[in-house]
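Okay, thanks for coming, everyone. I'll walk you through one model today, so have a look at the screen first.

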Amino acid sequence: MHQRRCKVVCAMHIHGAVNNFLYSASFLNPLNWVKEKLVPSIREKPSQEEVEASKKQAAKEGNRSVFEATPGPLVRQARGKWGLAIPVKKGVHVPNKPHKPRPTAHKYSTANFKISHRKLNMLGRQIAGKPVDYAILQMQFSEKRASSRIMNMLATAKDHAVRYKRLSEPKLVVAESWVSKGPRGPKRLEPRGRGHFGIRTHPNSKLTVVLKEGKTVEEQKKEERARKIRKIVSAAATREDVPIRNPSPTSLGAAVHSEQLWKLAESKFQSFENTAIVRTVELGGSVVHVTTTYAIKATQPGAKVYTIALGLEEKQKTSWLEVKVKGQQTPLDVVHYPLDTSRNFQLLDVALPDVLSLNSTLNLVLETLQTHATFPWPKQASQKEDQALKYQTDLFVLSPYHTGVQRTKVKAPTPRVISYTTPENLQDFTLDAPASKQGATVTYGPYSDIPTSSNNKFIKEHQQPITVHYFHEQPVLEISKLTRTAEISHWGANLNIQDNLVLHNAGPTLKGHFSRLEHQSQSYFKRPAPHALPALTLHLPPGIRNTYYYDLIGNVSTSRLRIAPAAPKNQRASRYSVLELRPRYPILGGWNYTFTLGWDAPLSDSAVYDRSTGKYIVEVPIMTPIPGAVVNSAEVSIVLPEGATGVEFAPPFPAVANRISTHTTYLDSMGRPMLTFEYENLTIMHAQSIFVSYKVPLAAHLRKPFVVGVAFFSVFALAIVGRRINLTIHQKTL
Amino acid sequence: MPTAYPLPTNLSPATVANTASLIRIVALALISGAAIASRLFAVINFESIIHEFDPWFNYRATRVLASKGFYEFWNWFDPTAWYPLGRVVGGTLYPGLMATSGVIYNLLHAINLPVDIRNICVLLAPGFSALTAWATYMFTKEMKDASAGLLAAAFIGIVPGYISRSVAGSYDNEAIAIFLLMITFYCWIKALKQGSALFGTVAAVFYFYMVAAWGGYAFITNMIPLHALVLILMGRFSSRLYVAYSSWYAIGTLASMQVPFVGFQPVKTSEHMAALGVFGLLQIVAFAQLVRSHVSSHQFQKLLATGVISIGILGAMAFVLLTYKGWIAPWTGRFYSLWDTGYAKKYIPIIASVSEHQPTAWPSFFMDLQFLVFLFPAGVILCFRELRDEHLFVIIYAVVASYFAGVMVRLMLTLTPVVCVASAVALSTLLDTFVDPTEPEVVDDTRSESGASTISAPGTNGAAPSPTTPATTSKKAKKAAAAAAEHPTTLSDILASSSTKTAKPKGIYGLDTRIMVVLNTICMLAFFVSHCTWVTSSAYSSPSVVLASSNPDGSQHIIDDFREAYYWLRQNTPEDAVVMSWWDYGYQIAGMADRPTLVDNNTWNNTHIATVGKAMSSSEEVAYPILRKHDVSYILVIFGGLIGYSGDDINKFLWMVRIAQGVWPDEVQEPSFFTPQGEYKVDDNASPAMRNSLMYKMSYYRFVDLFGGAQAMDRVRQQQVPKVGPTLDYLDEAFTSENWIVRIYEVKKEDSLGRDLKSANAFAQGKKRKRSKPTTRRRAIL
């Protein structure tokens, strides 16, 4: 409520008497609501000058807000003898007290009270390191006797820290807490049975805490989440907060220069040496995460382009690829070589961030996501059986450079690996066991002293496939087809997104038939079949309205939605609306399910108005990330408002095809421009946004009301004329 | 003239008229709003979904019409219905409903309003109910006046008897038919009153629309001739009647023959003969009138005698001859069942098995009409008071419709409009009498005569009293007074005679009586509204595709098993997989699962249905060849035993048995499905025929296992199911919905080694073949 009131005040200042829209008044006055709804533009933030100007005007009219009237801390208006305001001269220094170093911590403790230090210490350990509010919360619900006292102490300490030391309240954490023993009172005798006696002590102790500014709960959670996300390959979490780059398009025009490029490339190949290559394959369902770390060493000075080789099959499976310097966040630019079918591999050039001098080293990390890289084996499984998948890849990581040592780790989701290939004929590279399994990880290598491998000769002689057969405990999901339509409406200030999905369970197909009894007993005993998908959790944007989930025969009544409130302006959304989406029936191996999911989101959450160019810029997400699923083909259509001109778009990665067409709907007279993008093999990493910018002239905004109004009036006019025409043959003489 | 309460005097008649017409328009608009709103319970409580069974077919046909165009729809042959026979859909349905939705759909899309065809279908019935209210208003206005019309419109807008067939989502022919019924009757009355060929033609056009929309058009086809006949018999023949009837019949009949499903029926079948006969009679009577005006009366007598006798004999002979030659269809079974309620049960079990063909129970009259039931006779009696031509119509309509409503539940629908009209007439007469501020003058005995004559006709103090009424009423009043003086029969007579000896001024004195009566009436109306709302929301707004129950915390829990199973069929079975189920679910399977069905709700082929009934009621070995011959891939049964859904197939099973018995009396016998005590049981006492039947096996397959050793209980029949459940050799369980309501079984293909499936199963389970048994046939049963 407080925030809303501020908004009102701001709005009054900004628009003043000129433009008297109130945000919250619309809740009371329907006319204002209508006005607000009918404003065709997105409200943009006023510039500083405008704010100042309107403030001045408000002051002139004598209706400044109370917040403006309070004098600022520095520009205090001195009052003269006669009560007249004396303007403070510019440049006059208001003397301040000498600066003390700003305190960073606040220490506080309870008084000694009657408790054992051992008992108290448990509470001390409990709150140490926690944010202070969380610590207070813990104490509030703790069952220990001392907890209420600690809670009070914490509350006081927090208050003092904020008031006296000016520490930031939301950041306060209990940095340290310790217990010290207090003075012990006189001991007492405790009579026991059979003439024995014991000695009772009456311990005293106190708890001291030090409050410091630390990480807030949000920050801690964020870190925790980031840590977890880093671990997860394909399960239920989104990685939307990682900036994503995709390989730039392999331009067809470049084919002319392919031979030159190859020659150029081959001349550079000698300038590096791979000290070590470590490839980690994290197996999943339909998505496999491969991380390859190249420890490289420059063998010539001035090297700045490093070349990576991918096997042909690997390249085809790879749907997303990114190269970084280890430990850094910014991805490096990657240039694909034109595809050459005579060579069994594909090369990529990576532009290094700095020029490497002779013998200097660098660690490069290549991250790829492979889709459709696994297949179920056996191909059929009954309802009671497990789900096993096979993954196949090449043994050696190809490289155009000499490699010192190379190792491949294949990590299965569980230690239950059924089998793995043991490669043979590796005497040239290793004398130990060529493959070993430990826990869930199968390690191939280390293989040392590998010559330049990106040539057909090496591939023919040494390259061999390795297969890992493992159990997978989540259903393997595929979206065979995703059709997304995003419709932008300025009149409704609305962004409607509607997805049509064809969901397919790509796990082993169901052997025999589906038995409900079996399914019910499995879910009763909490041992669901690994290939059955009973429900799916999706993260939708916050602040959405009118969410609908239906299929070809009507509403699906089995889903649940928890809507998060919209994020404040200019802040990144930290929470999501969670949709627990249950299909009509559990989706077993090989089964399909088609459905439609849509929602309305406030346009202001995803659109801005650029005043300098007069353009709207709208952000439309390509897909809703579905954990662990791959989208085989996607078609994203963006319907712009009627009469939009100057349409430009910036997709985050190039589409397979895109086109612009006209879409006619909702009383349109000329249709709306519609952009369509087609994609293939999208994964969770591709859940990014397309940015579209366009202009809408005022005439286009007013076109629809005008057309509808004219139509209505012509109907009335016709009716008026029609009533006055007499069609009677015989005029009655009466 | 003394008044009971002061009236404003400074109003010009124009102001009053304008205000009245504005209030009428506003009231009609509000009534329309109420009529639409009260039908939206189903959409709000559930969703925008098509209800029940038949609407699913209408919806599917409408989708075809909307997506492929009218000609494609007209020539639509549906190979997936009545597999393998197929159905010529274009020629076997009333296309009015679909055409209406199609026109609305195309209209909206022409102005770029992309409304989903489903939403048009769902909201068509509420929309037309508003039009019905308007048509009823016009009709009743002809009977009495505008205020009665408004009351009738309000009644028909919310009366449950009509709502039951027109809630949102109930996309059936009746949705538009009642509007067409009322508007046709209105045009007929108008044509009759004015002798207008134009209104006769308009009536014919609406009659054509009605023929295209609903099989119940036969009601109009017989009501209007009946009215005309009664008018002739009462000596009320006039040129107005002649013009109205002739224009209606000629144009209407020719138009109705354009509907392919009707075709030449209007001149062939007996249901339409009355209309034709009255048309002929009218010509004769008109001719006779013409002749009479030209010849002397003696000659006319002779002419009449010979003419009537010869034409009568000729007509009867022609009728017999046509029937004998088979050009006129014999009377259909559904027609007989209208006269003899026991007929269907004896001869056509398939008609009797439909719940809406059952005779109406008394409570349902009250449930559907509430206090209108009591007002209705009063309104009919009030019609006798004036007895103009149109009042005769209402009286005939009331008598006929009351009879039919008593015979069949679904015909309650045709009764409802006339109940509303008659009740509105009665109630508005009552209100007119008691709201009218005129007080009888306190007169001396000498002047009492005139006073009585002006006041005792409460029906005439409306806008335009007809010139004849005062005379007739005063005559009546005299007679009544005379009768009252001799034999004091009623209380009022006694009171009247006790106060003064001669005829008294009648009327109401003072405000208290007025207020009491009016308040009482308002209370009744208020109760009526609350009753209608309650009945609509609780009884008539359930889609029956979706079942609602409530969670322990009071929130609504939706049981969506039907759609779950249908959608599974749609998504995970081959597109040409034939699904067998009892005919009730045929339309739903076609609409939602989009799979071919053996039988559906268009019950045109009794043998085919009996075949399904036989397959369901016989043992696996007998049923299997039937299933294979019909290419059946899946069998769908409805089983409510787990959650207590009483409308399941075991409860309908006896009808399947009866229908099968009708065709194969030697192979299926109803008594063998009862216990020796004559009870219908599914527990340990169930008869062997019952326990071996396919239906029983499919319903209870693995049901016992669900209880994990405890005694399995069938919640619908409240019986304990045998501990050892049935086994299936020729079928496989393919899918069972969440609450076990829908169970789908796959029919196994023949064994690849040529064994019969029973022994193949036994072999697979490791059972030894018993030597004592004769060797099984090594040939597949085809």
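I'll start with the two chains overall, then go through some helix pairs and one residue. Keep in mind that this is a predicted model.

So, chain A. It has 734 residues, and 42% of them count as buried. In secondary structure, chain A has 13 helices and 38 strands. If you take the contacts in chain A between residues at least 6 apart in sequence, 76% of them join residues at least 24 apart.

Now chain B. Here we have 782 residues, with buried ones making up 50%. Chain B comes out with 34 helices and 10 strands. Doing the contact count for chain B, again between residues at least 6 apart in sequence, 72% join residues at least 24 apart.

Back to chain A for a moment, because there's an annotation to show you. UniProt, in an unreviewed entry, puts a "transmembrane region" at residues 705-722 of chain A. What does the model have over residues 705-722? The chain is 100% helix and 0% strand there, and the C-alpha atoms at the two ends are 25 Å apart.

Next, helix pairs. Two packed helices are described by the angle between their axes and the distance between those axes, so I'll give you both each time.

In chain A, look at helix 6, residues 132-141, and helix 7, residues 147-163: their axes come within 8 Å and cross at roughly 155°. Anything over 145 degrees counts as roughly antiparallel, so that's what helix 6 of chain A is to helix 7 of chain A. The crossing of these two is left-handed. Who touches whom? From helix 6 of chain A you have A:Val132, A:Asp133, A:Ala135, A:Ile136, A:Met139 and A:Gln140, and from helix 7 of chain A there are A:Ser147, A:Ile150, A:Met151, A:Leu154, A:Ala155 and A:Lys158. Sorted by class, that contact has 8 nonpolar, 2 polar and 2 charged residues.

Over to chain B, with helix 11, residues 217-233, and helix 14, residues 273-292. Their axes come within 8 Å and cross at roughly 30°, so helix 11 and helix 14 of chain B are roughly parallel to each other. Helix 11 of chain B passes helix 14 of chain B in a left-handed crossing. On the helix 11 side, the residues in the contact include B:Pro225, B:Leu229 and B:Ile232, and on the helix 14 side, B:Val278, B:Leu281 and B:Val285 are among them. The contact of helix 11 with helix 14 of chain B divides into 10 nonpolar, 2 polar and no charged residues.

One more pair in chain B: helix 6, residues 117-143, and helix 22, residues 412-435. Here the axes come within 10 Å and cross at roughly 50°, which makes helix 6 of chain B oblique to helix 22 of chain B. This crossing is right-handed. Helix 6 of chain B brings B:Thr136, B:Phe139, B:Thr140 and B:Met143, while helix 22 of chain B brings B:Val421, B:Ala424 and B:Val425. The tally is 5 nonpolar, 2 polar and no charged residues.

Last, a single residue: B:Thr536, which sits in helix 26 of chain B, residues 511-538. Is B:Thr536 buried or exposed? Its relative accessibility is 1%, so B:Thr536 counts as buried. Leaving aside neighbours within four places in sequence, B:Thr536 is in contact with B:Ser38, B:Phe41, B:Ile163 and B:Ser541. And B:Val159 is 377 residues from B:Thr536 along the chain, yet their C-alpha atoms are separated by 8.9 Å.

Methods: Residues numbered from 1 in each chain as written. Chains lettered and ligands numbered in written order. Predicted model: local features only at pLDDT ≥ 70, side-chain atom pairs only at ≥ 80, totals over all residues. Heavy atoms only, no water. UniProt positions renumbered as here; feature names shortened; annotations may be inferred. Helix = DSSP H or I, 4+ residues; strand = E, 2+ residues; numbered from the N terminus. Axes fitted to C-alpha atoms, helices over the stretch in contact; angles between N-to-C directions. Parallel < 35°, antiparallel > 145°, perpendicular 65-115°, else oblique. Left-handed = near helix turned anticlockwise from the far one by under 90°. Contact = heavy atoms within 4.5 Å. Nonpolar A, V, L, I, M, F, W, Y, C, P; charged D, E, K, R; others polar. Buried < 20%, exposed > 50% of the residue type's maximum accessible area, 1.4 Å probe, protein only.
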